[in-house]
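Let's take a walk through this protein together. Have a look at it first, and then we'll begin with one small spot and work outwards.

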Amino acid sequence: KARRWAHALLLLAEMGGAAAPDVVSVSAAVHACERGAQWSHAVAVLAGAAERGVAPNVMAYSAAISACEKGREWAMALSLLDGARHLPLDVVIFNAAISACEKG
């Protein structure tokens, strides 16, 4: 299961035209990276989403922050939290950031 993140990223890259990525596909790809402990790829998917005109939601940010936690990248986790401040934040995203700080 942990290696499925690469397949998710390949599928996301293939999307276009009528099947252009949306917030659901971006969130799923970020979550796949989180499950595979691929924090840098999770962050890259978030950054790439904006370039493709997709605004990631709080679930995508939470998954990316959790990926940073697994990679012990607490500073990146806090940066992502800061970048998500324009969204209605929930307890899940704050817990993920706190956990990243704890494990970092």
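Start with Ser25, which counts as buried because its relative accessible area is 15%, under the 20% cut-off for that label. Bear in mind as you look around that this is a predicted model. Ser25 sits in helix α2. What does its side chain reach? The side chain of Ser25 gets to the backbone nitrogen of Asp22, at 2.8 Å. If you set aside the neighbours within four places in sequence, Ser25 is also in contact with Leu12 and Met15.

Now hop over to helix α4, where you'll find Ala63. Is Ala63 buried or exposed? With a relative accessible area of 8%, Ala63 is buried, again because the value falls under 20%. Its contacts, leaving out residues within four places in sequence, are Val30, His31 and Glu34. You can also pair Ala63 with Val45: they are 18 residues apart in sequence, and their C-alpha atoms are 11 Å apart in space.

Stay in helix α4 and look for Lys70. This one is partly exposed, with a relative accessible area of 43%; it gets that label because the value lies between the 20% and 50% limits. Not counting residues up to four places away in sequence, Lys70 touches Glu34, Arg35 and Ala37. With Glu34 there is something extra to see: the two side chains make a polar contact at 2.9 Å. So Glu34 turns up twice on our walk, as a contact of Ala63 and as a partner of Lys70. For a sense of distance, Lys70 and Val92 are 22 residues apart in sequence and 16 Å apart from C-alpha to C-alpha.

Next, follow the touch from Lys70 across to Ala37. Ala37 lies in the loop between α2 (23-35) and α3 (39-51). Its relative accessible area is 37%, which makes Ala37 partly exposed. The backbone here deserves a second glance. Most residues other than glycine have a negative phi. Ala37 is not a glycine, yet its phi is positive, about 55 degrees.

Where else can you find a positive phi in a residue other than glycine? Try Arg72, with a phi near 60 degrees. Arg72 is in the loop between α4 (58-70) and α5 (74-83). At 53% relative accessibility, Arg72 counts as exposed, because the value is over 50%.

Time to step back and take in the whole protein. There are 6 helices and 0 strands, so reading along the sequence gives you the pattern α-α-α-α-α-α. The C-alpha trace spans about 40 × 30 × 20 Å along its principal axes. Why does the radius of gyration agree with that of a compact globule? For 104 residues, such a globule would have a value near 13 Å, and the protein has 13 Å.

What about the inside and the outside? Of the 104 residues, 40% count as buried. The accessible surface comes to about 5,900 Å², and 59% of it belongs to carbon and sulfur atoms. Among contacts between residues at least 6 apart in sequence, 64% join residues at least 24 apart. Finally, there are 9 positive and 9 negative charges, and their mean positions are 9 Å apart.

Terms used:
Residues numbered from 1 in each chain as written. Predicted model: local features only at pLDDT ≥ 70, side-chain atom pairs only at ≥ 80, totals over all residues. Heavy atoms only, no water. Helix = DSSP H or I, 4+ residues; strand = E, 2+ residues; numbered from the N terminus. Buried < 20%, exposed > 50% of the residue type's maximum accessible area, 1.4 Å probe, protein only. Contact = heavy atoms within 4.5 Å. Polar contact = N/O pair within 3.5 Å; in protein donor to acceptor, adjacent residues only side chain to side chain. Rg over C-alpha atoms; globule rule 2.2 N^0.38 Å. Areas by Shrake-Rupley, 256 points an atom, 1.4 Å probe, with all protein chains shown as cover. Lys, Arg positive; Asp, Glu negative; His and termini not counted. Charge placed at Lys NZ, Arg CZ, Asp CG, Glu CD.
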